[in-house]
Amino acid sequence: MAKQKDETPKRVNIVNRRASYEYSFLAKYDAGMMLQGTEIKSIREGNVNMQDGFCTFHPDGSLWVHNLSISQYTLGTYNNHEVKRERKLLLNKKELRQLANKTQEQGVTIVPIRLFVNDRGFAKLEIALAKGKKLFDKRDDIKAKDQKREMDRAREY
């Protein structure tokens with residue numbers, strides 16, 4: 001009898017840490033993505049950069065993500081995908097209407113914050129309705145994070 005390899009799938013969880021520093025999140029949504037064949041393989045390897053990503057609405061009412069960089073699959077052939085192409089996000093109509101209405105406000109945008117693969121093997125993008133932080137807000141967050149770190153250190157000793 002041949003030994004079977006341990007087939008536990010590696011959990012893909014790619015987080016955009018820069019977004020939480022630059023924006024305060026008002027609401028979060030999980031959206032599916034329309035991908036090409038080699039894109040999902042690169043996502044499963046973890047070759048994604050979403051630091052400059054943002055979402056916009058097209059005139060037909062659909063939501064698209066821009067500047068989401070999925071590196072080319074190393075074993076791909078001439079059928080490999082473009083690295084920074086626009087990708088359509090899949091949400092239901094109610095969520096799309098809510099997002100469209102909220103983005104009409106001044107200073108509100110939609111940013112990708114996390115990319116993960118769910119239990120069924122589908123790539124999902126967690127997007128957030130976000131408002132940009134001012135410089136003093138960022139300083140307050142850094143100060144709170146430092147205080148929390150000091151409190152955790154004090155508890156250890």
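Me: Are R85 and E39 buried or exposed?

Reply: In this predicted model, R85 and E39 are both buried.

Me: What joins R85 and E39, and how far apart are the closest N and O atoms?

Reply: Start from the general idea. Side chains of opposite charge can pair when their charged atoms come close. In this case R85 and E39 form a salt bridge, with 2.9 Å between the closest N and O atoms. The bridge connects distant parts of the chain: E39 belongs to helix α2 (residues 37-45), R85 to the loop between β6 and β7, and 46 residues separate them.

Me: How many salt bridges does a search of the whole structure find?

Reply: The search finds 10. One of them is the R85 and E39 pair just described. Another is formed by E126 and R114, whose closest N and O atoms are 2.8 Å apart. E126 sits in strand β9 (residues 123-132) and R114 in strand β8 (residues 108-117), so this bridge ties together parts that are 12 residues apart in sequence.

Me: How is the burial of E126 and of R114 to be read?

Reply: Burial is read from relative accessible area, and the cut-off needed here is 20%, under which a residue is called buried. E126 has 12% and is therefore buried. R114 has 25%, so R114 is partly exposed.

Me: Where do D152 and R155 lie?

Reply: Both are in helix α4 (residues 135-156), three residues apart, which is about one turn of the helix. They form a salt bridge as well, with the closest N and O atoms 3.2 Å apart. D152 is partly exposed because its relative accessible area is 29%. R155, at 63%, is exposed.

Me: Which residues are joined into one network by salt bridges that share partners?

Reply: R18, E22 and K138 are joined in this way.

Me: What do the mean positions of the positive and negative charges show in the protein chain?

Reply: This step goes from single pairs to the whole chain. There are 31 positive and 21 negative charges, and their mean positions are 2 Å apart.

Me: How many helices and strands does the chain have, and what pattern do they follow?

Reply: The secondary structure comes to four helices and nine strands. Along the sequence the order is β-α-β-α-β-β-β-β-β-α-β-β-α.

Me: Why is the chain called more spread out than a compact globule?

Reply: The radius of gyration is compared with the value from the globule rule. Here the radius of gyration is 19 Å, and the rule gives 15 Å for 157 residues; the chain is well over that value, so it is more spread out than a compact globule. Along the principal axes, the C-alpha atoms fill a box of roughly 55 × 55 × 25 Å.

Me: What share of the residues is buried, and what share of the exposed area comes from carbon and sulfur atoms?

Reply: Of the 157 residues, 32% are buried. The chain exposes about 11,000 Å², and carbon and sulfur atoms supply 49% of that area.

Me: How much of the contact count comes from residues 24 or more positions apart?

Reply: Among contacts with a separation of 6 or more, such residues account for 66%. Single residues can be read in a similar way. T38, in helix α2, is in contact with Y73, N79, N80 and H81 once neighbours within four places in sequence are left aside. T38 is buried because its relative accessible area is 13%.

Me: Where is S71, and which residues does it contact?

Reply: S71 is in the loop between β6 (69-70) and β7 (87-90). With neighbours within four places in sequence left aside, S71 is in contact with S42, N47, H81 and V83. Its relative accessibility is 31%, so S71 counts as partly exposed.

Me: Is S69 buried or exposed, and what does it touch?

Reply: S69 is found in strand β6. S69 counts as buried because its relative accessibility is 13%. Not counting residues up to four places away in sequence, S69 touches N47, V48, N49, V83 and K84.

Me: What is the phi of N67, and where does N67 lie?

Reply: Backbone angles are the last topic. N67 has a positive phi of about 60°, although N67 is not a glycine. N67 lies in the loop between β5 (63-66) and β6. At 30% relative accessibility, N67 is counted as partly exposed.

How values were computed: Residues numbered from 1 in each chain as written. Predicted model: local features only at pLDDT ≥ 70, side-chain atom pairs only at ≥ 80, totals over all residues. Heavy atoms only, no water. Helix = DSSP H or I, 4+ residues; strand = E, 2+ residues; numbered from the N terminus. Buried < 20%, exposed > 50% of the residue type's maximum accessible area, 1.4 Å probe, protein only. Contact = heavy atoms within 4.5 Å. Salt bridge = Lys/Arg side-chain N within 4 Å of Asp/Glu carboxyl O. Rg over C-alpha atoms; globule rule 2.2 N^0.38 Å. Areas by Shrake-Rupley, 256 points an atom, 1.4 Å probe, with all protein chains shown as cover. Lys, Arg positive; Asp, Glu negative; His and termini not counted. Charge placed at Lys NZ, Arg CZ, Asp CG, Glu CD.
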